[in-house]
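Work through the exercises below with the sequence and the structure at hand. Each task is followed by a solution in steps.

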Amino acid sequence: MEAGGGTVERRRMGGSKDVIRLERESVIPILKPKLVMKLADLIEHDSDRAEFIKLCKRVEYTIRAWYLLQFDDLMQLYSLFDPVHGAHKLEQQNLSPEEIDVLEQNFLLYFFQVMEKSNFKIVTDEEIDVAHCGQYLLNLPIKVDESKLDKRLFSRYFNDHPHENLPDFSDKVFLNSAATINQTTDYFIMEKLDMIISRIWLWFLKKTRLQILFSRRSSRTTKCYSKKTDETNPNSEEDLYVERIRIENMELSMQNLFGKIRIQEPTFDRMIVVYRQAGTKNMADRGIFVKHFKNIPMADMELVLPEKKNPSLTPMDWVKFLVSVIIGLVTLVSSLEMPKADIWVVIAILFGVVGYCAKVYFSFQQNMETYRNLITQSMYDKQLDSGRGTLLHLCDDVIQQEVKEVIVSYFILMEQGKATMEDLDIRCEELIQEEFGMKCNFEVLDAVQKLERLGIVVRDSIGRIYCLSLKQANEIIGPTTEELVLKATQNPA
C-alpha cells in the first residue's frame, strides 16, 4: 500500500535524528458541506450565493451519475469473488475457468482505477524497507506464510498492466492513503531495559571484536541509511517531514529512564490489503479479500499482513542467549579452577547468566502479549471495513473528491477571472491554505478536465481558462434526476 499520496524517503538529519520525507497528498482534506458553505459565504450577492449552492448540488449529482455504471459493474464483479458467497454465485453461473479469469481481471482493472481516483497507491519496496528499519509498538519479527497465499492473481494482472516501481511482493497488494503522525506516551519499562541490555551487548561485541560474526546483520541495517544522504530542508513547503522518535535512539538520562517518554512514528492514515488465499490441488480458491484499516504506524505495518506466522525468538536472540550462556559457563569454570575461588564471584556470574536468560524469556513473553493486544486492536479498533463495505466507502470517496476539485477550481475562476493551468493550480492551493488552514497538492489537470466535460469553462485564444456565469453553468448542466424526484415528492399530484 502507499502513503501520503507519494514517495516515502528516510534520511538522517542533525546527527541522531531519523526523519521521514512524505510527499503531500492530493486529497482535499475538507468535508464537502463545510467547503461549500464557506465558499458560498465569500460570495457577496445573495442571488449569486443561491446559484452557487445550486451549481454545487448539480455538479455532485452529475459526477455521481458519471461513475454510477462503473461502480455498479465493480460491485457486480466483486459479488462473484466475495470470499463468503462468491463461490456459490460462480457455481450458479456455470462459467469455464477461462471465463472466470477474464471476469477476475476485469474486477481488478475497475478496482485499481477506483484506488487511483481515491489517491491510494501501491507501496514500493523502498517504503517497505523504511518501515522495516525501525520498531514502534511491535517488537517481534513478523513473517507471512507464503504457502497460504495465492501468487497468480496479481501476477497475471501486472503482466497485462505494467506498473512502475512494482514491489517484490506483487502477489499481494498493499495500498495506503494519507500519512499522519502517531504519538504514544508511557514508561516503557521493559523496552528501556531491553534497549540498555542491547547497548551493553553491542559494546561487548565491539570490545571483543565479535561484531565481525554479525556483519551480515549490520550491513542489512546500514542499508536503511544509505538511500539518500544529501542534506534536506525540513522547512520545505512541498513535502512533509516527520521525525521518528524511538526508544532505541533515546538519550540515556535519569529522567528518560525513570519517567514517561514520548515516542513518535509516521502513520498510514488508511491502508487497504488485498490478497487471495491459496487453493488446494483439486480446487482453486477464487475469493478475493479486501480489508480496510486506519492509523497503522509505518514501523508496525506487519500487523495488517495476511496469514501471519506465530512469532518466535529470532536467530539473533538465540545467538545472544547461547553466547551469554557459554561465556558465563566458561567464566564460572575458570573461577572454580582457581586455587582460591571466590564464592561471591561465582554467585555473581550465576546470577548474571540466569538474569540475562530470564530477561530474554520475559521480554519475549511481554512482546508476545503486546503482539496479541495489537492484533486484537487491529481487528476491532483499526479495521474500518472489509469486502463490499470497503468498496462502497472508496466509491463514495472518489465522488466526494471529484466534486470538491470542481467546486474549488470553478470558484477561483469565478472570483479571480481567467487563469492558466499553472496559475489556477497555485490559486486553488492558496485558497485552501488561507480559508481552511490546510495544505494539499491540488490536482488541477483532473479538475479542469471535469469542468470542460461539464461544459462550464472555455479557453481563450492563448489557452487561458475562464468560466461561464453561474446562471449559464446551471442552465448547461440542467435539472438533474435527483432534483426532479425531489420536486415531484414535494408537489404530489
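**Exercise 1. Describe the chain as a whole.**

What percentage of the 493 residues in the protein chain is buried? In this predicted model, buried residues make up 43% of the 493. Next, take the secondary structure: the chain has 16 helices and eleven strands. Last, take the contacts with a separation of 6 or more: residues 24 or more positions apart account for 77% of them.

**Exercise 2. Find the nonpolar cores and the contacts of one core residue.**

Step one is the largest nonpolar core, which has 71 residues. Phe52, Phe107 and Phe111 have the most contacts inside this core. Step two is to follow Phe107. With neighbours within four places in sequence set aside, Phe107 is in contact with Leu74, Leu77, Tyr78, Phe81, Ile288 and Leu391. Step three is the second core, which is separate and has 16 residues, including Leu149, Val273, Phe289 and Val304. As background, nonpolar side chains in soluble globular proteins tend to be buried together.

**Exercise 3. Classify the packing of H4 (residues 97-117) on H12 (residues 388-416).**

Start with the geometry: the two helices pack at an angle of about 45°, and their axes are 9 Å apart. Angles under 35 degrees count as roughly parallel, and 65 to 115 as roughly perpendicular. H4 and H12 are therefore oblique to each other. H4 passes H12 in a left-handed crossing. The contact is made on the H4 side by Phe107, Phe111, Val114, Met115 and Lys117, and on the H12 side by Leu391, Leu394, Cys395, Val398 and Glu402. Sorted by class, this contact has eight nonpolar residues, no polar ones and two charged ones.

**Exercise 4. Do the same for H2 (residues 46-81) and H15 (residues 470-477).**

The axes of H2 and H15 come within 9 Å and cross at roughly 30°. That angle makes H2 roughly parallel to H15. The crossing is left-handed. From H2, the contact is made by Asp48, Glu51, Phe52, Lys54, Leu55, Arg58, Val59 and Thr62; from H15, by Leu470, Lys471, Ala473, Asn474, Glu475 and Ile477. The residues of this contact divide into six nonpolar, two polar and six charged.

**Exercise 5. Place Val444 and its helix.**

First, locate the residue: Val444 is in helix H14. Is Val444 buried or exposed? Its relative accessibility is 9%, and buried means under 20%, so Val444 counts as buried. Second, list what Val444 touches: beyond residues up to four places away in sequence, these are Met421, Leu424 and Asp425. The C-alpha atoms of Val444 and Cys428 are separated by 8.3 Å, and the two residues are 16 residues apart along the chain. Third, look along H14 (residues 444-454), where the buried residues are Val444, Asp446, Ala447, Val448, Lys450, Leu451 and Leu454. Just after H14, Gly455 takes a positive phi of about 80°.

**Exercise 6. Compare two asparagines with positive phi.**

Asn94 is not a glycine, yet has a positive phi of about 55°. Asn94 lies in the loop between helix H3 (86-93) and H4. With a relative accessible area of 66%, Asn94 is exposed.

Turn now to Asn295, where phi is near 50°, again a positive value in a residue other than glycine. Asn295 is found in strand E8 (residues 289-297). Its relative accessible area is 29%, and Asn295 is partly exposed.

Definitions and conventions
Residues are numbered from 1 along each chain as its sequence is written. This is a predicted model: local features need pLDDT of at least 70, side-chain atom pairs count only at pLDDT 80 or more; totals for chains, interfaces and linings use all residues. Side-chain values use heavy atoms; hydrogens and water are left out. A nonpolar core is a set of buried Ala, Val, Leu, Ile, Met, Phe, Trp, Tyr and Cys residues joined through side-chain atoms within 4.5 Å. Buried means under 20% relative accessible area, exposed over 50%, partly exposed in between (1.4 Å probe, protein chains only). Contact means heavy atoms within 4.5 Å. Helices (H or I, at least four residues) and strands (E, at least two) are DSSP runs, numbered from the N terminus. Axes are lines fitted to C-alpha atoms, for helices over the stretch in contact, and angles run from 0 to 180 degrees between N-to-C directions. Angles under 35 degrees count as roughly parallel, over 145 as roughly antiparallel, 65 to 115 as roughly perpendicular and the rest as oblique. A crossing is left-handed if the near helix is turned anticlockwise from the far one by less than a right angle, and right-handed if clockwise. Ala, Val, Leu, Ile, Met, Phe, Trp, Tyr, Cys and Pro count as nonpolar, Asp, Glu, Lys and Arg as charged, and the others, Gly among them, as polar.
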